[in-house]
Amino acid sequence: MIETLFGYAADKNKMERKKESSSQDPATQYIQLIDSKKSQNLAILLRPLNVTTEEIHDALLKGNELPPDLLQSLLKMAPTTEEELKLRLFSGELSQLGTAERFLKVLVDIPFAFKRIETLLFMTSHQEEVSSIKESFATLEVACKELKSSRLFLKLLEAVLKTGNRMNDGTFRGGAQAFKLDTLLKLADVKGTDGKTTLLHFVVQEIIRSEGVRAARASSQSQSISTVSSNDPLNDSDEHYRSLGLQVVSGLSGELGNVKRAAALDADALKGSLSNLGRALVKAHDFLNSDMKNIDEESGFHQTLRSFVQNAEIDIVSLLEEEKRIMALVKSTGDYFHGNAGKDEGLRLFVIVRDFLIMLDKACKEVGDSTKKTRVQRKVGSTGPPSGGPRQPQSPDLREQLFPVIANRRVYSSSSDDEDP
């Protein structure tokens, strides 16, 4: 009575029928040929691929292009030797296999399927790798030209050399004709008597006036005489020239943009990329002339691979020759500045210049801020005494006070550069 009222017997009969139906459903009883966990992981990998088994099958036989991400995922599915043997020997209906086994069964029935996938991945990514290496070589070549042709950079080096010779006058280091570029990175470590002003500040101050005069002359030549008067006290003032010259020196970082880009390149990574291309090509070449040749297959894949290998050999031989030329150019650029010092800095040359440019930008900003502060103090001071009062005597060159060693051994005047072209 209770069973009839509350449906207990009906629920029990329903569960028994469901259990019997489940045990008789052949679709859920798959033959397992690979590890269950691996099978589950492969099934998960297959879901987001968004490509049919037939499309992959055709690509491996015809050499059709497939997305690199897809090919990498397929390589992760490679069965072990034992699993591959089980898949090959299976002669039953594919419907008896799970999703992963069914997919792998289609692949292993294609001779050297996973070697084809690996080769297709190389074929797909080859051109992008070649273009990236060519772009890096082009950046290095332009960077070398920028360094050697930069008038302002050479002017800075000349100022550093002269300053160093003045400091070392009378010693065995005096009279140097060149110096290592990494010396530039030490300029900010040498400080004046105030403990703040560095030798780099001094060098910047040494050349900004002459650069300002040069820039003013270039500007006056591009304008009409009526718009630029040589008697204009603002245009002729020393302060105006220094301000203009500071802008010019601050612009060196932008002028050497390709040098900074070259500094970001990794020589070992660049060489490694080229070596990887060479090894992959040798592997593809061997696959073409051994495994593919032995199966006597004249498929679209075979023809596509043969054509690719021929073109890739041309690309890589060309890259190897270009690498020799560019590295020789980089070395000659280093020798140009080091005076044939003998040590090959490699791409570190550009790293040194980039780091120096960062220091130079900082020094130029600090010089500009200091100049503005001095100008404000001067204006405030000029409002103190009466307008008819005596003018305050001009103080000695602050740079000479901060670096007395250089002042005592001064062998040239910064104003002597005003006439430089």
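**Notebook: helix H8, the core and the cavities**

I began with Ser136, which I located in helix H8. The model is a predicted one, and I kept that in view throughout.

**Entry 1: Ser136.** Is Ser136 buried or exposed? I found a relative accessible area of 11%; the cut-off for buried is under 20%, so Ser136 counts as buried. I then listed its contacts, leaving aside residues up to four places away in sequence, and obtained Leu265 and Leu270.

**Entry 2: the chain as a whole.** I counted 20 helices and zero strands in the protein chain. The chain has 421 residues, and buried residues make up 35% of them. I looked up the accessible surface next: it comes to about 25100 Å², with 53% belonging to carbon and sulfur atoms. For contacts between residues at least 6 apart in sequence, I noted that 82% join residues at least 24 apart.

**Entry 3: the largest nonpolar core.** I recorded 91 residues in the largest nonpolar core. Which residues touch the most other members? They are Leu74, Leu147, Phe153, Leu184, Leu305, Phe350 and Leu360. Helix H8, residues 113–149, gives the largest share of this core, with 14 residues. As a general remark, nonpolar side chains tend to be buried together in soluble globular proteins.

**Entry 4: Leu147.** I took Leu147 from that list and looked up what it touches, again not counting residues up to four places away in sequence. Phe153, Phe350 and Phe337 are among its contacts. I also noted Leu256, Val259, Leu349 and Val353 as residues that Leu147 touches, and Thr333 as well.

**Entry 5: Phe112.** I placed Phe112 in the loop between helix H7 (99–108) and H8. What is notable about the phi of Phe112? I read a value near 55°, which is positive in a residue other than glycine. Most residues other than glycine have a negative phi. I also checked accessibility: Phe112 is at 30% relative accessibility and therefore counts as partly exposed.

**Entry 6: the cavities.** How many cavities of 30 Å³ or more does a search of the whole structure find? I obtained three. The largest cavity holds about 40 Å³ of space. I noted 10 residues lining the largest cavity, and the closest to its centre are Val330, Gly334, Asp344, Glu345 and Gly346. Helix H17, residues 300–338, supplies the largest share of this lining, five residues. By class, I recorded two nonpolar, three polar and five charged residues in the lining of the largest cavity.

**Entry 7: Lys180 and His338.** I found Lys180 in the loop between helix H9 (151–167) and helix H10 (199–221). At 46% relative accessibility, Lys180 counts as partly exposed. I then looked up its separation from His338: the two are 158 residues apart in sequence, yet 5.4 Å apart in space, C-alpha to C-alpha.

**Entry 8: Ser275 and Ile316.** Where does Ser275 lie? I placed Ser275 in helix H15, residues 267–289. Its relative accessibility is 32%, so Ser275 counts as partly exposed. From Ser275 to Ile316 I noted 41 residues in sequence and 9.5 Å in space, C-alpha to C-alpha.

**Closing note.** I return to helix H8: it holds Ser136, and it gives the largest share of the largest nonpolar core.

Notes
Residues are numbered from 1 along each chain as its sequence is written. This is a predicted model: local features need pLDDT of at least 70, side-chain atom pairs count only at pLDDT 80 or more; totals for chains, interfaces and linings use all residues. Side-chain values use heavy atoms; hydrogens and water are left out. On a 1 Å grid over the protein atoms alone, a cavity is a set of points where a 1.4 Å probe fits but cannot get out, and a pocket is an open set with protein on both sides within 12 Å along at least five of seven lines; lining residues have an atom within 4 Å of a point. Grid points are joined across faces, edges and corners, and a volume is the space filled by probe spheres set on the points. Helices (H or I, at least four residues) and strands (E, at least two) are DSSP runs, numbered from the N terminus. Ala, Val, Leu, Ile, Met, Phe, Trp, Tyr, Cys and Pro count as nonpolar, Asp, Glu, Lys and Arg as charged, and the others, Gly among them, as polar. Buried means under 20% relative accessible area, exposed over 50%, partly exposed in between (1.4 Å probe, protein chains only). Contact means heavy atoms within 4.5 Å. Accessible areas come from the Shrake-Rupley method with a 1.4 Å probe; for residues, only the protein chains shown count as cover. A nonpolar core is a set of buried Ala, Val, Leu, Ile, Met, Phe, Trp, Tyr and Cys residues joined through side-chain atoms within 4.5 Å.
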